[in-house]
Amino acid sequence: MNLRDIKKDIEYVIGAFIDDCSLFSAVNSKADDEALGGLLDEAVNLFNDLKDKVNVKGEGKKGAYYASIRQELLEKTDELYAKLSDIVKKSGAE
């Protein structure tokens with residue numbers, strides 16, 4: 001695993017989540033735009049935090065460090081998707 005790959009993963013995964021939120025908002029008129037806005041803010045903050053972590057020059061094995069960042073990306077994105085799922089359920093969309 002290298003720096004370029006982890007940066008692409010961060011951009012792809014969080015970008016896909018933002019696209020999913022935007023699509024849901026556009027398709028569903030009952031969507032809670034305030035809740036979705038908060039979720040998008042969380043996604044942007046996660047993106048910025050992970051990019052900052054990736055850009056830090058750390059000591060030790062870079063592969064293990066990048067693997068931990070990738071794990072954090074997946075765990076936190078799963079949490080965001082769970083929140084999005086709750087918003088979808090509350091809006092009555094299926």
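## Asparagine 28 and helix H1

Asparagine 28 is buried, with a relative accessible area of 12%. This is a predicted model, and in it asparagine 28 sits in the loop between H1 and H2. What does its side chain meet there? A polar atom of that side chain lies 2.7 Å from the backbone nitrogen of lysine 30, and a polar contact of 3.3 Å links it to the side chain of serine 91.

Another asparagine is found at the beginning of the story: asparagine 2 caps the N-terminal end of H1. The two asparagines' contacts are set out here.

| Asparagine atom | Partner | Distance |
|---|---|---|
| Asparagine 2, side-chain oxygen | Arginine 4, backbone nitrogen | 3.2 Å |
| Asparagine 28, side-chain polar atom | Lysine 30, backbone nitrogen | 2.7 Å |
| Asparagine 28, side chain | Serine 91, side chain | 3.3 Å |

Now to the helix itself. H1 covers residues 3-27, 25 residues in total, and spans 36 Å from its first C-alpha to its last, close to the 36 Å expected at 1.5 Å a residue. Which residues of H1 are buried? They are Ile6, Ile10, Val13, Ile14, Phe17, Cys21 and Phe24, and they pack against helix H2 (33-55) and helix H3 (62-91).

H1 and H3 pack at an angle of about 5 degrees, their axes 11 Å apart, which means that H1 is roughly parallel to H3. The residues of this contact comprise 17 nonpolar, two polar and four charged. On the H1 side they include Leu3, Asp5, Phe17 and Phe24, and on the H3 side Tyr66, Arg70, Leu84 and Ser91. Serine 91 is thus a familiar name, as its side chain also makes the polar contact with asparagine 28.

Definitions and conventions:
Residues are numbered from 1 along each chain as its sequence is written. This is a predicted model: local features need pLDDT of at least 70, side-chain atom pairs count only at pLDDT 80 or more; totals for chains, interfaces and linings use all residues. Side-chain values use heavy atoms; hydrogens and water are left out. Helices (H or I, at least four residues) and strands (E, at least two) are DSSP runs, numbered from the N terminus. The expected span of a helix is 1.5 Å times one less than its number of residues. Buried means under 20% relative accessible area, exposed over 50%, partly exposed in between (1.4 Å probe, protein chains only). Contact means heavy atoms within 4.5 Å. A polar contact is a pair of N or O atoms within 3.5 Å; within protein, one must be able to donate a hydrogen and the other to accept it, and residues adjacent in sequence count only if both atoms are side-chain atoms. Axes are lines fitted to C-alpha atoms, for helices over the stretch in contact, and angles run from 0 to 180 degrees between N-to-C directions. Angles under 35 degrees count as roughly parallel, over 145 as roughly antiparallel, 65 to 115 as roughly perpendicular and the rest as oblique. Ala, Val, Leu, Ile, Met, Phe, Trp, Tyr, Cys and Pro count as nonpolar, Asp, Glu, Lys and Arg as charged, and the others, Gly among them, as polar.
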